[in-house]
Amino acid sequence: MKLTNEKVLICGGGGFIGGHLVRTLKEKGINVVRSVDVKPLDEWYQKQADVENLVLDLRDKESCVKAAEGIDVVFQLAADMGGMGFIENNKALCMLSVLTNTHMLMAARDAGVQRFFYSSSACVYNGDKQKSANVVPLKEEDAYPALPEDGYGWEKLFSERMCRHFEEDFGLVTRVARYHNVYGPFGTYDGGREKAPAAICRKVIEAKLTGKHEIEIWGDGHQTRSFMYIDDCTYGTQAILESEIHEPINLGSSEIVTINQLVDIAEEIGGVKLERRYKLDAPKGVNGRNSDNTLIQKYLGWEPSIKLRDGLAKTYAWIENEIKAKK
Ligand code: NAD
Ligand code: GDD
């Protein structure tokens, strides 16, 4: 399928990835008609004027029915989530997103929606495969036997599975991407839900502004991750929605770095060197995680390729502006 005149709904459109998705799809001339989020409108990261922006709690079935009315294509990104600091301390809240996923799937089926995209996560992968910082990149099959991230990861894995069975049993065409840590401007950089790239940029910027040249890093800094820039994420999301990929697929960068290297890059962008303090009892998550992109290459002949150094420079500049504007 190629998106042309279909009426598109984005759930979670007031959030980081949802906000970018609404904007980029609109810029391409795609018919995004509605964007829904539970946050008050003045808290949405981005808003497009020619879209119906609705504030609804999608955990409620009636809200989902309202959101799906007259819609052909759904991008379901709404979830109560955040970085390790949030998901490790809010497992029940993360799992309650199962209501949103369940009710949106039911509403989409009943509204005769043609295609349904679901944003899953690398947190579905078996923890035993992520014990070493020197991790073997995760292949899609590594999600089973199941041992996902407690709370958040279990919910994502369950909802992936629900998408599959809605397609098999009810004929609702579903597509599932497993996002690996996404970063970029117009995202959360403070308040407790922020992920490492934004958190580290914020800490470097604050150290420069206060003149207190030190930084707190969670864990020992040797843990590894790959980080995907938002432009790769929005491109890949559309491509997966339009594709004939019937199984959950990785959407992530394969450029692996240690958290110490992430800090090196942020310091280099900021032109500063900070004294590092390691908080070993902070939320840490898995020791190592990277995306194996063999499958996405096979299906799309493409994979996320924006360099961390380039994406982080844009993210850093945006966060710096935000912090200075607030002051
Ligand atoms: P985000 O928190 O910025 O966006 C999610 C949005 O969903 C928020 O604006 C939130 O208010 C909204 N929401 C939450 N509960 C809702 C409800 N009951 N009704 C309506 N809206 C509700 O997060 P994001 O980074 O943009 O993530 C988008 C999706 O991608 C989520 O499903 C997330 O789990 C998934 N994901 C993100 C990452 C990442 O690194 N950002 C990685 C893996 C998966
Ligand atoms: N958030 C954060 N803040 N993490 C830090 C910090 C900090 O100040 N300092 C070091 N870290 C370390 C964390 O301890 C963790 O080991 C690593 O950086 C990455 O943390 P996050 O970016 O918070 O999360 P994650 O990569 O473990 O998981 C994220 O990505 C998943 C997809 O790959 C989460 O956002 C999940 O919700 C998401 O699904």
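Before we look at anything else, let me define one word: a residue is buried if 20 or more other C-beta atoms lie within 10 Å of its own, exposed if 12 or fewer, and partly exposed in between, with the C-beta atoms placed from the backbone. The model is a predicted one, in which local features need pLDDT of at least 70 and side-chain atom pairs count only at pLDDT 80 or more, while totals for chains, interfaces and linings use all residues. Residues are numbered from 1 along each chain as its sequence is written, and chains are lettered from A and ligands numbered from 1 in the order in which they are written.

I will start with helix H5, where helices (H or I, at least four residues) and strands (E, at least two) are DSSP runs, numbered from the N terminus. H5 covers residues 97–111, and its 15 residues reach 21 Å from the first C-alpha to the last, close to the expected 21 Å, the expected span being 1.5 Å times one less than the number of residues. Which residues of H5 are buried? They are Thr100, Asn101, His103, Met104, Leu105, Ala107 and Ala108. Among the elements that cover these buried residues are strand E1 (8–11), strand E5 (115–121) and helix H6 (152–170), where contact requires C-beta atoms, placed from the backbone, within 7 Å. Just after H5, Gly112 has a positive phi of about 70°.

Strand E13, residues 275–279, offers another picture, since the count of buried residues among its five is zero. E13 runs parallel to E8, and five bridges join them, where pairing requires that DSSP finds at least two bridges between two strands. Within that pairing, Arg277 of E13 is the bridge partner of Glu216.

Now to the ligands, for which a residue is near if its C-beta atom, placed from the backbone, lies within 6 Å. Ligand 1 has 26 residues around it, and Gly12, Gly15, Leu58, Ala79 and Tyr179 come nearest. Helix H1 (16–27), strand E2 (32–37) and E5 each give two or more residues to that shell, and the largest share, three residues, comes from H1.

Ligand 2 is surrounded by 26 residues, the closest being Gly83, Ser121, Lys195, Ala199 and Gly285. Where does ligand 2 lie with respect to domain 1 and domain 2? Domain 1 (8–183 + 229–251) and domain 2 (196–225 + 256–290 + 307–326) both give residues to its shell, so ligand 2 lies between them, with the bounds taken from an automatic or database domain assignment.

Terms used:
Two residues are in contact if their C-beta atoms, placed from the backbone, lie within 7 Å.
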